[in-house]
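Here's a quick briefing on charged side-chain pairs. Have the structure open while you go through it.

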Amino acid sequence: MQATAMLCFLIRIRKVNASKKAAFVTKGFLPSKLKRVLPMLPAPSRFGGSQERAADKQAELDELRARRYQETKEREWRAKEKAAAERHATMQRELEDAREAQKAAKMLQRAEMAKVRCRGCCLLLLLVEHDEFMRVLAVNHARELEDLQMQAAALTINDKYKEELQAQIASNEELKKKERQVGLKFY
């Protein structure tokens, strides 16, 4: 690709008139390799226009091919890197799973050893756990019973309040009726 780009650059330089070319070279715009190659290039001929266009077209095609080749290589490299990363991640997951399995096996082995050492201790431990469970169950049952009693008391209070309100409403209506009747008697 560098050779193609260099060739395109040289062809474009040939198009520039001699005084500008000399200015490019003397001002240091050209790399040292190009400074050595530039005098060796043939001077443009009278058929230069069509040859230059053909050379420009060929240079563009070469540049396009080189770019495609570079992109292909980059895609291959990225795919290779991605596959390597996936292999590494898979290996790490498998290693972590193996560690977890090893820990679980070790814990199981310790439990088995403890069970063998003191069967009586395990039975005692089970009895203590059962007693604790029963105690917690009794406490929960007592709380539920207390909650039900509180709800019943609240309902009773609400019912009494409701009856009192209804009685008060009924008595107020009776009073209003009597007042209306008494008011009618005077007229």
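Searching the whole structure turns up seven salt bridges. Keep in mind that this is a predicted model. Three of the pairs are walked through below, grouped by helix.

**Helix α4**

- R65 pairs up with D62 in a salt bridge, with 2.9 Å between the closest N and O atoms.
- Helix α4 runs over residues 48-117, and R65 and D62 sit three residues apart in it, so about one helical turn separates them.
- As for solvent, D62 comes out as partly exposed, at 24% relative accessibility.
- Another salt bridge links R78 to E74, and here the closest N and O atoms are 3.8 Å apart.
- That still makes the cut, because the N to O limit is 4 Å.
- R78 and E74 are four residues apart in helix α4, so they too are separated by about one helical turn.
- R78 is partly exposed, with 47% relative accessibility, and E74 is partly exposed as well, with a relative accessible area of 36%.

**Helix α5**

- Over in this helix, R135 makes a salt bridge with E132, and the closest N and O atoms are 2.7 Å apart.
- Both R135 and E132 belong to helix α5 (residues 119-186), where they are three residues apart, or about one turn of the helix.
- R135 counts as partly exposed at 45% relative accessibility, and E132 is also partly exposed, at 41%.

Notes. Residues numbered from 1 in each chain as written. Predicted model: local features only at pLDDT ≥ 70, side-chain atom pairs only at ≥ 80, totals over all residues. Heavy atoms only, no water. Salt bridge = Lys/Arg side-chain N within 4 Å of Asp/Glu carboxyl O. Helix = DSSP H or I, 4+ residues; strand = E, 2+ residues; numbered from the N terminus. Buried < 20%, exposed > 50% of the residue type's maximum accessible area, 1.4 Å probe, protein only.
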